[in-house]
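Here's a quick briefing on how the nonpolar and aromatic side chains sit in this one. Have the viewer open as you read.

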Amino acid sequence: MIGNIVKVTIDRPLGSRHPKHNDIIYPINYGYIKGIIAPDGEEQDAYILGVNTAVEEFEGKVIAIIHRNDDIEEKWVVVPDGVDFTDEEIEKQVHFQEQYFDSVIIR
């Protein structure tokens with residue numbers, strides 16, 4: 001999937017609260033890719049980086065996969081075409097949620 005262009009439906013826009021954990025506020029847009037089923041049986045989740053306003057939909061390029069060693073889920077990292085982030089930059093931006101998991105970035 002890395003390098004592919006995908007369309008993400010945002011269900012947790014930048015600034016919103018996690019539906020189950022009220023103390024988690026999303027500093028980035030977060031959503032899912034319709035029609036792609038992830039290992040957890042739900043549609044594939046995606047972090048959107050490089051977009052600093054809340055959006056409802058986003059089309060961008062998958063630059064990395066965040067694999068959770070202690071969970072069945074993986075998260076895709078999607079950015080505007082032509083934009084890239086280092087692993088350290090990705091880790092910093094997704095730390096708000098990934099701090100609770102044993103995650104690695106796959107390129």
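**Surface patch, cores and rings**

Ile106 comes out as partly exposed, because its relative accessibility is 37%, and partly exposed covers the range between under 20% (buried) and over 50% (exposed). Keep in mind that this is a predicted model. Below, we go from that surface residue to the interior.

**The surface patch**

- Ile106 sits in strand β6, which runs over residues 103-106.
- Together with Ile2 and Val104, Ile106 makes up a nonpolar patch on the surface, and the three share about 200 Å² of accessible area.

**The nonpolar cores**

- As a rule of thumb, nonpolar side chains in soluble globular proteins tend to be buried together.
- Here, the largest nonpolar core counts 16 residues, and Tyr47, Leu49, Ile63, Ile66, Val77 and Ile90 have the most contacts inside it.
- At least two residues of this core come from each of β4 (57-68), β5 (74-79) and α1 (87-98).
- There's also a second, separate core with 12 residues, among them Ile33, Ala46, Ile65 and Val78.

**Ile63 and Val79 up close**

- Leaving out residues up to four places away in sequence, Ile63 touches Ile2, Val77, Val79, Val83, Asp84, Phe85, Ile90 and Arg107.
- One of those partners, Ile2, is also a member of the surface patch.
- Val79 belongs to strand β5, and it counts as buried because its relative accessibility is 0%.
- With the sequence neighbours up to four places away set aside, Val79 touches Leu49, Phe58, Gly60, Lys61, Ile63 and Phe85.
- Val79 and Gly60 are 19 residues apart in sequence, yet their C-alpha atoms are 5.2 Å apart in space.

**The aromatic pairs**

- Searching the whole structure turns up four aromatic pairs.
- Tyr26 and Tyr30 make a tilted pair, because their planes meet at 40 degrees, with the ring centres 5.4 Å apart.
- Tyr26 is buried at a relative accessible area of 1%, and Tyr30 is buried too, at 3% relative accessibility.
- Tyr47 and Phe96 pair edge-to-face, with 6.2 Å centre to centre and 75 degrees between the planes.
- Since Tyr47 is in strand β3 (residues 43-48) and Phe96 in helix α1, this pair ties together parts that are 49 residues apart in sequence.
- Both Tyr47 and Phe96 are buried.
- Tyr26, Tyr30, Tyr47 and Phe96 join up as one aromatic cluster, and Tyr47 also shows up among the residues with the most contacts inside the largest nonpolar core.

Definitions and conventions. Residues numbered from 1 in each chain as written. Predicted model: local features only at pLDDT ≥ 70, side-chain atom pairs only at ≥ 80, totals over all residues. Heavy atoms only, no water. Core = buried A, V, L, I, M, F, W, Y, C linked by side-chain atoms within 4.5 Å. Buried < 20%, exposed > 50% of the residue type's maximum accessible area, 1.4 Å probe, protein only. Helix = DSSP H or I, 4+ residues; strand = E, 2+ residues; numbered from the N terminus. Contact = heavy atoms within 4.5 Å. Patch = residues over 30% accessible without salt bridge, like charges linked within 9 Å, V, L, I, M, F, W, Y side chains within 5 Å. Areas by Shrake-Rupley, 256 points an atom, 1.4 Å probe, with all protein chains shown as cover. Salt bridge = Lys/Arg side-chain N within 4 Å of Asp/Glu carboxyl O. Phe/Tyr/Trp six-rings, centres within 6.5 Å; stacked < 30°, edge-to-face > 60°.
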